[in-house]
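Good morning, colleagues. I should like to take a few minutes to discuss charged pairs and cysteines in the structure now being shown.

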Amino acid sequence: MDSTHASSLTFTRTSPSTSSADLLALSQEISRLSTIFNEQEFTQKNKAELRKFFTVEVTQRKDILDLISTLTNDREKLNYLKEFLTDNSVSIFIDNSNLFIEGAKIVGQLENVPDVYSNSRSDIEFYVDHGLLVTTVLRGRKLRNAFIIGSIPSENDTLWARARDHGCEVTTYERNASNKEKKADVKLVCYAMRTLFTKTGSTILIIAGDGDYCPLVEEAKKENWKVETWFWDGSNLPLFPTGMNAGLKNISSYVSLDDYYKSFTYITGPDFTNNKSILEIHGNVIKSWPFRNKRLMVCFCELNLFGRWYWVDDTTAYLYFESKRQLDSARSWFRRNYPGMLLYDFKQKQMGRRNSFGIQKEKL
């Protein structure tokens, strides 16, 4: 049987008016199958768990019945229903401001970009790609739902749009007079509690480091949910940030984002260190990229490198690398994926911050 059936039904909506009849029909099908298969193949516990699952998952019932009717034998029907007993789906809850503020401090140090962790220049910015973040923390598992709470400056509104494009429900809040968010933590907990009590247990994954989430974790564990927390550590860095709350870390399965930051964060803006290898990319094809930073992140992620670049204009970007070898790998990547793009190698000179940062250019 096709093992993708269960996941393909996850977000299907059906009419509430048919839900009671559908639940009865599913219960009758479960009872019928139990008379055909022995206790070892289809236990009383299995039957009880399936009935509980379909009692909660109202929106899936009619589609499940329709699909069962297309299966040719009872063995296929049993195997399909039992897929719902091995749910490895993940519900993700992201405190974005918590993630962003601490992330800038840590990634700025890990990549030695002082202007990022000190937030001293407006033209050098730290970004989180939420779609790539979700992919990173899922680690191959199925996404059930994702919620992001927070606020970021209006000029970064496209990031929220990107998050929604990746299936994340987004809620934003205004900051108060002291530049603090109002209600954000409480709202995220409300979203999570709604999932705990309206869905069957699997894994709840919290991307946050605030100790205020400890009661949520404790409640999830009482309801037999597995709980993961992902957040920044930074304990080995010279400018130690707030980092992960010790209490939250101790009561959950904790994973440090420090080990994965290259897969979902990047920095844009000019580099003034004069010690980077620089590849200029240029071409009108860039204008057709709906999310131009996303295209560059594909390159850096495939090469397992941290993404750092500067957009000169709508058709030109400088890509920064730690070595000539990294630059050569990126150049080969662009030649394979964008054969018509113009590529230039840069030789930096110690000439300050003007005149394109004192850069000489050689066409490749």
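Is D123 buried, partly exposed or exposed? In this predicted model, D123 has a relative accessible area of 33%, so the residue counts as partly exposed. Its side chain meets that of R121 in a salt bridge, with N and O 2.7 Å apart. R121 is likewise assigned to the partly exposed class, at 24% relative accessibility.

That pair belongs to a wider set, for a search of the whole structure finds ten salt bridges. Allow me to turn to a network of them, which links E29, R32 and D74. Within this network, R32 bridges to E29, and the closest N and O atoms are 2.9 Å apart. Both residues lie in helix 2, which covers residues 19-36, and they are separated by three residues, about one turn of the helix. E29 is buried, because its relative accessible area is 15%, whereas R32 is partly exposed at 31%.

R32 also meets the side chain of D74 in a salt bridge of 2.6 Å, N to O. Because D74 lies in helix 5 (residues 74-82) and R32 in helix 2, this pair ties together parts that are 42 residues apart in sequence. D74 itself is partly exposed, with 24% relative accessibility.

Finally, the cysteines. The search of the whole structure finds zero disulfides. C299 takes part in none, and its nearest cysteine sulfur, that of C301, is 9.2 Å away. Why is there no bond between C301 and C299? Their sulfurs are too far apart for one at 9.2 Å, since a disulfide requires the two sulfur atoms to be within 2.5 Å. C299 is buried, at 0% relative accessibility, while C301 is partly exposed, at 29%.

Notes. Residues numbered from 1 in each chain as written. Predicted model: local features only at pLDDT ≥ 70, side-chain atom pairs only at ≥ 80, totals over all residues. Heavy atoms only, no water. Buried < 20%, exposed > 50% of the residue type's maximum accessible area, 1.4 Å probe, protein only. Salt bridge = Lys/Arg side-chain N within 4 Å of Asp/Glu carboxyl O. Helix = DSSP H or I, 4+ residues; strand = E, 2+ residues; numbered from the N terminus.
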